[in-house]
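User: I've got a model open and I'd like to learn how to read its helices. Can you walk me through it?

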Amino acid sequence: MRQATTTSGGHSLSTTKPTTTPTAHLARRLIQLYVGLALYGASSALLVESGLGLEPWNVLHQGLAELTGMSIGVVSIFVGAAVLLLWIPLRQRPGLGTVSNVFVVGLAMDGTLALLPDAHALAARVPLLVAGIVLNGVATGLYISARFGPGPRDGLMTGLHQRTGRSIRLMRTMIEVAVVATGFALGGTVGVGTILYALAIGPLAQFFLRFFAVPAPSGGGVVAAGGQPEQAILQR
């Protein structure tokens with residue numbers, strides 16, 4: 001607690017203001033990071049189970065899973081690691097969140113898929129789709145606002161933006177069109193969910209980035225939801 005003293009009419013008034021210690025600040029950020037990444041994997045599993053369309057990168061992951069016989073979560077880990085290697089020529093620096101993203105999202109996706117019952121009726125699949133998209137927005141807000149570094153795929157987009165001078169919007173569009181087309185050709189699911197995700201994730205992520213903004217250790221402000229990692233998510 002921080003104590004502030006003011007004088008009113010010759011009398012000292014003592015008030016206390018809550019402060020966030022560096023340790024508590026770091027602990028909150030770590031919790032947000034790993035809860036966010038786990039929920040991201042869970043949200044992707046809901047979209048897979050809905051069968052109504054996946055987010056762009058998971059279209060590729062599902063297509064590769066069909067081709068290789070591996071689980072979609074394991075494929076996600078391998079693809080994330082491969083994308084991370086592309087950071088080297090782009091001179092991008094990974095953070096704790098970057099490396100954690102590679103493993104936690106894929107493991108959480110496979111774990112959630114193992115627990116979910118099969119959904120065949122449309123009345124069950126539509127709620128799974130909606131819940132998956134909303135939960136993905138929540139997860140994005142949590143792990144990005146923790147500020148431990150962007151995920152491998154977002155870092156690829158920002159790295160290409162820095163190296164080429166082209167807009168993040170253009171880089172994201174080009175990469176996602178390429179991965180969707182490749183994934184679809186390999187058997188990945190593209191559908192109404194893919195379109196709905198593309199339209200909804202930007203506003204959802206922006207809202208939850210602000211909602212989960214982490215207070216600064218001094219208690220004098222918040223970590224703003226801005227900067228390149230957020231641009232990679234929001235600019236479409």
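Analyst: Sure, we'll take a few helices and a couple of residues in turn. Keep in mind that this is a predicted model.

User: Let's start with α5. How many residues does α5 have, and how far does it reach from its first C-alpha to its last?

Analyst: The idea is to compare the end-to-end reach with what 1.5 Å a residue would give. Helix α5 covers residues 96-115, so 20 residues, and its reach of 28 Å is close to the expected 28 Å, with a span of 1.5 Å times one less than the residue count. There's a bend too: about 30°, at Val102.

User: Which residues of α5 are buried?

Analyst: Start with the general pattern: an α-helix has 3.6 residues a turn, so residues three or four places apart point the same way. In α5, the buried set includes Ser100, Asn101, Val105, Ala108, Met109 and Thr112, and Val102, the bend site, is in it as well. Among the elements covering those buried residues are α1 (22-50), α2 (56-68), α6 (122-145) and α7 (152-164).

User: You mentioned α1 and α6. How do the axes of α1 and α6 cross?

Analyst: Here you look at how close the axes come and at what angle. The α1 and α6 axes come within 7 Å and cross at roughly 160°. Angles over 145 degrees count as roughly antiparallel, so that's how α1 and α6 run relative to each other. Their crossing is left-handed.

User: And α2, what do its buried residues pack against?

Analyst: First its dimensions: α2 has 13 residues and reaches 19 Å, close to the 18 Å expected. Its buried residues include Pro56, Trp57, Leu60 and His61, and the buried residues of α2 pack against α1, α3, α5, α7, α8 and α9 (192-211). Just after α2 comes Gly69, with a positive phi near 85°.

User: Now a single residue. Is Val179 buried or exposed?

Analyst: The trick is to read accessibility first, then contacts. Val179 sits in helix α8 (residues 168-185). Its relative accessible area is 8%, and under 20% means buried, so Val179 is buried. Beyond its sequence neighbours within four places, Val179 touches Pro56, Trp57 and Leu60. Leu60 is 119 residues away in sequence, yet the two C-alpha atoms are 5.6 Å apart.

User: What does Ile175 contact, leaving aside its neighbours within four places in sequence?

Analyst: Same reading order. Ile175 is found in helix α8 too, and counts as buried at 12% relative accessibility. Its contacts are Trp57, Leu156, Met157 and Leu160. For Met157, 18 residues along the chain, the C-alpha separation from Ile175 is 7.8 Å.

Conventions:
Residues are numbered from 1 along each chain as its sequence is written. This is a predicted model: local features need pLDDT of at least 70, side-chain atom pairs count only at pLDDT 80 or more; totals for chains, interfaces and linings use all residues. Side-chain values use heavy atoms; hydrogens and water are left out. Helices (H or I, at least four residues) and strands (E, at least two) are DSSP runs, numbered from the N terminus. Buried means under 20% relative accessible area, exposed over 50%, partly exposed in between (1.4 Å probe, protein chains only). Contact means heavy atoms within 4.5 Å. The bend at a residue is the angle between axes fitted to the seven residues ending there and the seven starting there. Axes are lines fitted to C-alpha atoms, for helices over the stretch in contact, and angles run from 0 to 180 degrees between N-to-C directions. Angles under 35 degrees count as roughly parallel, over 145 as roughly antiparallel, 65 to 115 as roughly perpendicular and the rest as oblique. A crossing is left-handed if the near helix is turned anticlockwise from the far one by less than a right angle, and right-handed if clockwise.
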